[in-house]
Amino acid sequence: MENSGQSFDPHASSLSGTAQPEVLEELYRVRSSIDNIDAALIHLLAERFKATQRVGVLKATHSLPPADPGREAAQISRLRALARDAQLDPVFAEKFLAFIIDEVIRHHEAISENIKAGGDGSPVSGEDAGDETDD
Ligand SMILES: O=C(O)C(=O)C[C@]1(C(=O)O)C=C[C@@H](O)C=C1
């Protein structure tokens, strides 16, 4: 089980000794921003999945289908435009959204099965379900 990054070594690298110290120092400086951004992404995704968990319970409770293609089309078009404005590849933005939504739909389906079986729709994590490819 991970430990919230307490043992994270920000200088872990396979490049140590292969470049001049100044180059590695600059690399480490830039990597500290990457590490902050990655942490923010994890927290943002956690909040998004908390929200979709509530949507999943609502949908299952009221017999609504897990996927809403009309909503997805609007999301894709909005995120592609936002990506273009932010100089991010819109194709990447669309793939990233599709990747997340696929996972959300899997969760919605699991919630629906759980509620049909008399549960409360509590989430089961990938790790608990044993389908994690952790190293
Ligand atoms: O808004 C919904 O209806 C959701 O279930 C959430 C969500 C999403 O992750 O944004 C996921 C599946 C739907 O097809 C559309 C959107």
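Okay, which helices each supply at least two residues of the shell around the ligand? Keep that in mind while you look at the structure, which is a predicted model. The answer is α1, α2 and α3, which run over residues 21-61, 69-85 and 90-116.

Let me give you the overall picture, then come back to the ligand. The protein has four helices and zero strands, so to speak an α-α-α-α pattern when you read along the sequence. There are 135 residues in the protein, and buried ones make up 7% of them. On contacts, take the pairs at least 6 apart in sequence: 46% of those join residues at least 24 apart.

There is one annotation to mention. UniProt, in an unreviewed entry, puts the feature "domain: Chorismate mutase" at residues 21-112. In the model, that stretch is 88% helix and 0% strand, with its end C-alpha atoms 55 Å apart.

Now the helices, starting with α1. How does its span compare with what 1.5 Å a residue should give? With 41 residues, α1 should span 60 Å, and the end C-alpha atoms sit 59 Å apart, so the two agree. As for burial, α1 is hardly covered, with four buried residues among its 41. Those are T52, G56, K59 and A60, and they pack against α3. If you're wondering about the spacing, remember that an α-helix has 3.6 residues a turn, so residues three or four places apart point the same way.

Over to α3, then. This helix has 27 residues and reaches 38 Å from first C-alpha to last, close to the 39 Å expected. Its buried residues are H107, H108, I111 and S112, and they pack against α1. So to put the two side by side: the buried residues of α1 pack against α3, and the buried residues of α3 pack against α1.

Back to the ligand. Around it you'll find T52, V55, A67, D68, R71, E72, Q75, I101, V104, I105 and H108. Which helix gives the largest share of that shell? That's α3, with four residues. If you sort the shell by class, you get five nonpolar, three polar and three charged residues. Two names have come up before: T52 is in the shell and is one of the buried residues of α1, and H108 is in the shell and is among the buried residues of α3.

Last topic, the backbone oddities, for anyone who likes checking torsions. Most residues other than glycine have a negative phi. Where do the exceptions sit? S63 lies in the loop between α1 and α2, and its phi is near 55°, a positive value in a residue other than glycine. Is S63 buried or exposed? It's exposed, because 8 other C-beta atoms lie within 10 Å, and 12 or fewer counts as exposed.

Q87 is in the loop between α2 and α3, and its phi is also positive, near 55°, again in a residue other than glycine. Q87 is exposed, with 6 other C-beta atoms within 10 Å. And just after α3 there's G118, with a positive phi of about 95°, though that one is a glycine.

That's my tour: α1, α2 and α3 around the ligand, and positive phi values at S63, Q87 and G118.

Technical notes. Residues are numbered from 1 along each chain as its sequence is written. This is a predicted model: local features need pLDDT of at least 70, side-chain atom pairs count only at pLDDT 80 or more; totals for chains, interfaces and linings use all residues. A residue is near a molecule or strand if its C-beta atom, placed from the backbone, lies within 6 Å of it. Ala, Val, Leu, Ile, Met, Phe, Trp, Tyr, Cys and Pro count as nonpolar, Asp, Glu, Lys and Arg as charged, and the others, Gly among them, as polar. UniProt positions are given in the numbering used here, feature names are shortened, and annotations may be inferred rather than shown by experiment. The expected span of a helix is 1.5 Å times one less than its number of residues. A residue is buried if 20 or more other C-beta atoms lie within 10 Å of its own, exposed if 12 or fewer, and partly exposed in between; C-beta atoms are placed from the backbone. Two residues are in contact if their C-beta atoms, placed from the backbone, lie within 7 Å.
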